[in-house]
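Welcome, and please get your viewer ready. We will go from one selection to the next and see what is there.

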Amino acid sequence: FNVDFNEIKESIKNNDAELIKQIKQNQVEQLKAGHHGVPLSVHKDKYFFGQDRFDDLVSSLKKNGDL
């Protein structure tokens, strides 16, 4: 990936209110779905809770050809 860190920072700065609104909505939807805590990653129909599950998430992405 070719990611420009300064471009990301600027985008966050310019869209701060909308991002906060989306974060709050995501929290509501996460609780409604019976999940709590962060980080929560979802791939297809699988849920990965916590940073110790990132390797499992990456394996799932690779297995399905999504990475």
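Start by selecting F5, which sits in helix α1; helices here are DSSP runs of H or I with at least four residues, strands are runs of E with at least two, and both are numbered from the N terminus. The model is a predicted one, in which local features need pLDDT of at least 70 and side-chain atom pairs count only at pLDDT 80 or more, while totals for chains, interfaces and linings use all residues. Numbering runs from 1 along each chain as its sequence is written, and side-chain values use heavy atoms, leaving out hydrogens and water.

Is F5 buried or exposed? F5 is exposed, at a relative accessible area of 57% (exposed is over 50%, buried is under 20%, and partly exposed lies in between, with a 1.4 Å probe and protein chains only). Now add K46 to the selection and draw a C-alpha to C-alpha distance: F5 and K46 are 30 Å apart in space and 41 residues apart in sequence.

Next, pick N6, also a resident of helix α1, which covers residues 5-14. N6 has a relative accessible area of 53% and is exposed. From its C-alpha to that of V42 you will find 27 Å, with the two positions 36 residues apart in sequence.

Move along to helix α2, residues 16-32. Its 17 residues reach 25 Å from first C-alpha to last, close to the 24 Å expected at 1.5 Å a residue (the expected span is 1.5 Å times one less than the number of residues). Just after α2, stop at G34, where phi is positive at about 85°.

Now select S41, in strand β1, residues 40-43. S41 is buried, with a relative accessible area of 15%. Which residues does S41 touch, not counting those up to four places away in sequence? Show K46, Y47, F48, F54 and L57; a contact here means heavy atoms within 4.5 Å. Then try Q51: its C-alpha is separated from that of S41 by 9.3 Å, and the two are 10 residues apart along the chain.

K44 comes next, in the loop between β1 and β2 (46-49). Its phi is near 55°, a positive value in a residue other than glycine. Most residues other than glycine have a negative phi. K44 counts as exposed, at 57% relative accessibility.

Finally, zoom out to the protein chain. It has three helices and two strands, running α-α-β-β-α from the N terminus on. The radius of gyration is 15 Å, well over the 11 Å that the globule rule gives for 67 residues, so the chain is more spread out than a compact globule; the radius is taken over C-alpha atoms, and the rule is 2.2 Å times the number of residues to the power 0.38. Along its principal axes, the C-alpha trace spans about 35 × 35 × 20 Å.

Colour by burial, and buried residues make up 13% of the 67. Among contacts between residues at least 6 apart in sequence, 0% join residues at least 24 apart. Switch on the surface to end the tour: the chain exposes about 5900 Å², with carbon and sulfur atoms supplying 53% of it (areas by the Shrake-Rupley method with a 1.4 Å probe; for residues, only the protein chains shown count as cover).
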